[in-house]
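Here are a few short exercises on charged side chains and strand pairing. Take a look at the model first, then work through each task before reading its solution.

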Amino acid sequence: TGVWRDFKTSKAPQYNYITEDMTIVAEYSAITYVVKFFYKANLTDTEYTLDQTREALYNTRILNVPSTPVKTGYTGTWKIYDEEKNLVDVTLTDPIMSDMDVYADYSINSYKVRFNFSLREKADSNITQNIVTEYVHVYNTKLEIPEDLTTDRLTVDGVECVGYDAKYYT
């Protein structure tokens with residue numbers, strides 16, 4: 001922002017009665033914007049809590065963007081609300097051009113679960129084949145052995161295996 005001031009007096013100039021030559025200068029100060037970072041204490045909360053604030057001069061980047069608060073089993077990212085009130089991605093490395101409210105948004109983690117098992121002949125318990133199968137498992141949900149691995153008839157590489165026991169191990 002800027003203001004005019006009289007060079008001699010450092011005060012705002014008086015234009016009503018000019019009785020002598022004047023030097024008027026423009027004096028500017030940088031605009032500082034505030035970026036506020038909010039999160040939900042519990043993911044089921046409807047209200048956000050202020051976590052931290054950062055200041056940035058006009059057209060500069062935020063230094064030391066805070067990490068999203070840790071929520072076990074979730075990955076957090078910073079987002080902003082658009083005009084339709086939807087959370088959308090934000091690039092916090094871009095220059096700041098206004099005050100901003102930024103919100104932590106979390107997505108549940110999923111993991112690959114590997115089922116390692118052996119086919120053993122029922123007659124003599126000899127291992128005939130080791131098989132590894134991977135499935136995607138969502139955090140904090142019940143892990144169940146997939147149905148295709150629990151039947152008496154197991155298909156491996158397109159061949160139906162009958163007369164074998166599937167033994168699971170980790």
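The exercises below concern a predicted model.

**Exercise 1. Find the salt bridges in the whole structure and say which residues form them.**

Solution. Start with the general idea: side chains of opposite charge can pair when their charged atoms come close. The cut-off to apply is 4 Å between a side-chain nitrogen of Lys or Arg and a carboxyl oxygen of Asp or Glu. Searching the whole structure with it gives two salt bridges. One joins Lys-79 to Asp-89, with the closest N and O atoms 3.5 Å apart. In the other, Lys-79 meets Asp-105 at an N to O distance of 3.4 Å. Through shared partners, Lys-79, Asp-89 and Asp-105 form one network.

**Exercise 2. Work out which parts of the chain are tied together by the bridge between Lys-79 and Asp-89.**

Solution. Place each partner in its strand. Lys-79 belongs to strand 5 (residues 74-81) and Asp-89 to strand 6 (residues 87-89), so their salt bridge ties together parts that are 10 residues apart in sequence.

Now turn to the other bridge, between Lys-79 and Asp-105. Here Lys-79 in strand 5 is linked with Asp-105 in strand 7 (residues 100-108), and the two are 26 residues apart.

**Exercise 3. Sort Lys-79, Asp-89 and Asp-105 into buried, partly exposed or exposed.**

Solution. Use under 20% relative accessible area for buried and over 50% for exposed, with partly exposed in between. Lys-79 has 16%, so this residue is buried. Asp-89 reaches 62% and therefore counts as exposed. Asp-105, with 25%, is partly exposed.

**Exercise 4. Locate Lys-40 and describe its surroundings.**

Solution. Lys-40 sits in the loop between strand 3 (32-39) and strand 4 (49-57). Lys-40 is buried yet lacks a salt bridge. Its nearest side chain of opposite charge is that of Asp-105, 7.2 Å away. Setting aside neighbours within four places in sequence, the contacts of Lys-40 are Asp-45, Thr-46, Glu-47, Tyr-48 and Lys-71.

**Exercise 5. How does strand 7 pair with strand 3 and with strand 5: parallel or antiparallel?**

Solution. Take strand 3 to begin with: four bridges join strand 3 to strand 7, and the two run parallel. Phe-37 has Val-102 in strand 7 as its bridge partner. Next comes strand 5, which pairs with strand 7 in the antiparallel sense over six bridges. Gly-76 stands opposite Tyr-106 in strand 7.

Key: Residues are numbered from 1 along each chain as its sequence is written. This is a predicted model: local features need pLDDT of at least 70, side-chain atom pairs count only at pLDDT 80 or more; totals for chains, interfaces and linings use all residues. Side-chain values use heavy atoms; hydrogens and water are left out. Buried means under 20% relative accessible area, exposed over 50%, partly exposed in between (1.4 Å probe, protein chains only). Lys and Arg count as positive and Asp and Glu as negative; His and the chain ends are not counted. Contact means heavy atoms within 4.5 Å. Two strands pair if DSSP finds at least two bridges between them.
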